[in-house]
Amino acid sequence: MKWPNDGNYGGFYIPTFAAYFDKVLEGDSVSSDGVYFRESRPIVDTFVTPARAVREAKKYFSNVDVMNMKDGDVVENFICSLPGADRSCSEIHQSQKLFDVANPSVPLHFDMLAMAAYDLGLVDKSNEDFTRENVRNELMLSLPSEDDFPLQCLSKEKELMLLEMSQTDEQSVGLFSAPGGSDDHEETFRQAVEKKKICSIDTAVFLRDEKWRKFFAGRFVERSE
């Protein structure tokens with residue numbers, strides 16, 4: 001992704017999970033100034049629930065199965081469920097790593113931090129070497145563990161709302177039939193909360209620290225002069 005003002009097709013800001021979830025709950029439109037995305041559109045359109053994904057898929061395919069990511073390796077389960085794929089399934093079972101991930105996830109904390117520093121003038125916008133990707137990757141190598149970052153997390157009330165939404169969504173596609181969901185689902189959710197999986201870096205707090213402001217200035221501003 002590019003910096004937001006990098007040409008006609010600049011990148012977009014990645015919101016914190018808490019901010020994104022608030023927008024989903026409110027049903028608001030994304031602001032046209034690019035705070036979240038390049039275009040103004042209902043943010044609920046970007047929030048793809050399992051039920052919506054199944055509904056859309058059934059418009060084009062007659063046989064749609066839902067696979068639970070908690071039931072092991074998704075790729076392995078998918079291939080092994082295909083008719084006539086016995087050989088491929090066997091190859092996967094025998095291989096430690098069949099292929100590299102073609103579309104790895106972006107390290108969000110570091111990307112959000114790069115964006116915040118860029119907006120504060122802590123990244124030299126005239127230096128072509130300081131691309132969004134390069135700055136993000138250098139931060140990953142230079143900064144301490146993400147475990148030490150100040151975080152923005154959901155309130156207890158919002159956590160409960162998210163849990164209830166996820167239970168409703170899984171029930172809607174038949175992953176479990178009990179109205180309240182399954183004990184396993186709730187436990188998995190609680191583990192995610194404890195591990196801060198639904199938290200995001202608090203870039204404002206991080207960059208108020210004079211030590212880190214000097215780090216950015218020395219690495220991404222003064223170095224380019």
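Is the crossing of helix 1 and helix 7 left-handed or right-handed? The crossing of these two helices is left-handed, and it is one of the features to look for as you find your way around this predicted model. The chain has 225 residues, of which 32% count as buried. Its 10 helices and two strands follow one another in the pattern α-α-α-α-α-α-β-α-α-β-α-α.

**The chain as a whole**

- Reading along the sequence, you meet six α elements before the β that begins the rest of the pattern, β-α-α-β-α-α.
- Take the contacts between residues at least 6 apart in sequence: 63% of them join residues at least 24 apart.

**Helix 1 with helix 7**

- Helix 1 covers residues 17-26 and helix 7 covers residues 156-172; their axes cross at roughly 65 degrees and come within 12 Å.
- On the helix 1 side, the contact is made by Phe17, Phe21, Asp22, Val24 and Leu25.
- Helix 7 brings Lys158, Met161, Leu162 and Met165 to this contact.
- Sorted by class, the contact of helix 1 with helix 7 has seven nonpolar residues, two charged ones and no polar ones.

**Helix 6 with helix 10**

- A second pair to look at is helix 6 (residues 132-142) and helix 10 (residues 210-220), whose axes are 13 Å apart and pack at an angle of about 125 degrees.
- That angle makes helix 6 oblique to helix 10.
- Helix 6 passes helix 10 in a right-handed crossing.
- Val135, Glu138, Leu139 and Ser142 make the contact from helix 6, and they meet Phe215, Phe216, Arg219 and Phe220 of helix 10.
- The residues of this contact between helix 6 and helix 10 divide into five nonpolar, two charged and one polar.

**The nonpolar cores**

- The largest nonpolar core has 24 residues, and those with the most contacts inside it are Leu139, Leu143, Phe206 and Phe216.
- Four elements give two or more residues to this core: helix 5 (108-119), helix 6, helix 9 (203-208) and helix 10.
- Helix 5 provides the largest share of this core, with eight residues.
- Apart from this core lies another, of eight residues, which includes Ala18, Phe21, Leu162 and Phe189.
- Two of those names may look familiar: Phe21 of helix 1 and Leu162 of helix 7 also take part in the contact between those helices.

**Two residues of the largest core**

- Phe216 sits in helix 10 and counts as buried because its relative accessibility is 0%, under the 20% cut-off.
- Setting aside neighbours within four places in sequence, Phe216 is in contact with Leu113, Ala117, Leu122, Leu139, Phe206, Leu207 and Val221.
- Gly121 is 95 residues from Phe216 along the chain, yet the C-alpha atoms of the two are separated by 9.4 Å.
- Leu143, with neighbours within four places again left aside, is in contact with Phe110, Leu113, Phe149, Phe206, Trp212 and Phe215.
- Leu113 and Phe206 are therefore worth finding in the view: both are among the contacts of Phe216, and both are among those of Leu143.

**A loop residue to notice**

- Lys196 lies in the loop between helix 8 (183-194) and strand 2 (200-201).
- Phi of Lys196 is near 65 degrees, which is a positive value in a residue other than glycine.
- With a relative accessible area of 45%, Lys196 is partly exposed.

Notes. Residues are numbered from 1 along each chain as its sequence is written. This is a predicted model: local features need pLDDT of at least 70, side-chain atom pairs count only at pLDDT 80 or more; totals for chains, interfaces and linings use all residues. Side-chain values use heavy atoms; hydrogens and water are left out. Axes are lines fitted to C-alpha atoms, for helices over the stretch in contact, and angles run from 0 to 180 degrees between N-to-C directions. Angles under 35 degrees count as roughly parallel, over 145 as roughly antiparallel, 65 to 115 as roughly perpendicular and the rest as oblique. A crossing is left-handed if the near helix is turned anticlockwise from the far one by less than a right angle, and right-handed if clockwise. Contact means heavy atoms within 4.5 Å. Ala, Val, Leu, Ile, Met, Phe, Trp, Tyr, Cys and Pro count as nonpolar, Asp, Glu, Lys and Arg as charged, and the others, Gly among them, as polar. Buried means under 20% relative accessible area, exposed over 50%, partly exposed in between (1.4 Å probe, protein chains only). A nonpolar core is a set of buried Ala, Val, Leu, Ile, Met, Phe, Trp, Tyr and Cys residues joined through side-chain atoms within 4.5 Å.
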